[in-house]
Amino acid sequence: MLDGLRLFAKSWPGKILGAFLLVGVAGFGINNVIADLGSNTVARVGDQEITSRQFLRAYQSQVSRLANQIGRVPNLAEAESLGLPTAVLLGLSEGAAMNQLAAQMGLGVSEDKLGQMLRTDPSFQGTLGNFDASTFSQVLQASGWTEAEYFEARGNEAKREQLLR
């Protein structure tokens with residue numbers, strides 16, 4: 001997994017994402033650290049906040065992927081030794097920097113496009129292969145997402161894809 005991350009970091013898309021992160025940190029800095037101690041914010045990139053809930057969700061997702069690869073759930077020490085928390089935070093920071101860039105460029109996603117993304121997502125398809133609203137609700141509830149969070153995340157994902165094209 002780490003070899004894959006290293007290879008990605010050496011590729012052009014990886015260098016572009018690293019540049020976005022560098023610009024985000026260099027351009028916006030890390031300020032108000034002491035004032036934010038009691039907040040729910042794990043990190044801030046410009047005006048984009050990464051909440052503890054977003055971090056925990058992304059961290060648990062990465063732990064699940066790693067567990068699928070190694071055949072067991074890694075303990076906290078193993079996850080830390082693999083740099084999992086840092087990798088998750090870097091990924092979220094890169095996404096936040098790209099979201100900010102997309103907002104500055106005026107990129108957006110229509111509700112029709114979001115609806116199409118929802119209908120084609122295999123996670124929400126019923127037994128016949130079509131979108132199933134009850135499956136959608138069940139998957140979101142099991143994942144700890146609200147509909148608003150899901151659509152915001154998918155919209156941001158679509159905007160980042162627009163940037164990379």
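This section describes the fold, the strand pairing, the nonpolar cores and the largest pocket of a predicted model.

The chain contains 8 helices and 2 strands. Along the sequence, these elements are arranged in the order α-α-β-β-α-α-α-α-α-α. Of the 165 residues in the chain, 25% are buried. Among the contacts with a separation of 6 or more, 57% are between residues 24 or more positions apart.

The strands are considered next. Strand 1, formed by residues 41-45, runs antiparallel to strand 2, and 4 bridges join the pair. Within this pairing, V45 is placed opposite Q48 of strand 2. The two strands form a hairpin with 2 residues between them, and in this hairpin G46 adopts a positive phi near 60°.

Attention may now be turned to the interior. The largest nonpolar core is made up of 10 residues, namely L17, F20, A43, V45, I50, A96, A97, M98, A102 and L163. Helix 2, strand 1 and helix 5 are the elements that each supply two or more residues to this core. The greatest contribution to this core is that of helix 5, which provides 4 residues. A further core, of 6 residues, lies apart from the largest one, and its members include Y59, V63, L84 and V88. V45 thus appears in two parts of this description: the residue stands opposite Q48 in the strand pairing, and V45 also belongs to the largest nonpolar core.

The largest pocket encloses about 1,800 Å³ of space. Its lining consists of 47 residues, and those that lie nearest the centre of the pocket are A58, G91, L92, G95 and R160. Two or more lining residues are given by each of the following elements: helix 1 (2-10), helix 2 (12-28), strand 2 (48-51), helix 3 (52-70), helix 5 (84-105), helix 7 (133-143) and helix 8 (147-164). Helix 5 makes the greatest contribution to the lining of the largest pocket, with 11 residues. By residue class, the lining comprises 22 nonpolar, 12 polar and 13 charged residues.

Helix 5 therefore deserves separate mention, as the element that gives the most residues both to the lining of the largest pocket and to the largest nonpolar core. Helix 2 likewise gives two or more residues to the pocket lining and two or more to the largest core.

Notes:
Residues numbered from 1 in each chain as written. Predicted model: local features only at pLDDT ≥ 70, side-chain atom pairs only at ≥ 80, totals over all residues. Heavy atoms only, no water. 1 Å grid on protein atoms, 1.4 Å probe; cavity = no way out; pocket = protein on both sides within 12 Å on 5 of 7 lines; lining within 4 Å. Points joined across faces, edges and corners; volume = space filled by probe spheres on them. Nonpolar A, V, L, I, M, F, W, Y, C, P; charged D, E, K, R; others polar. Pairing = 2+ DSSP bridges. Core = buried A, V, L, I, M, F, W, Y, C linked by side-chain atoms within 4.5 Å. Buried < 20%, exposed > 50% of the residue type's maximum accessible area, 1.4 Å probe, protein only. Contact = heavy atoms within 4.5 Å.
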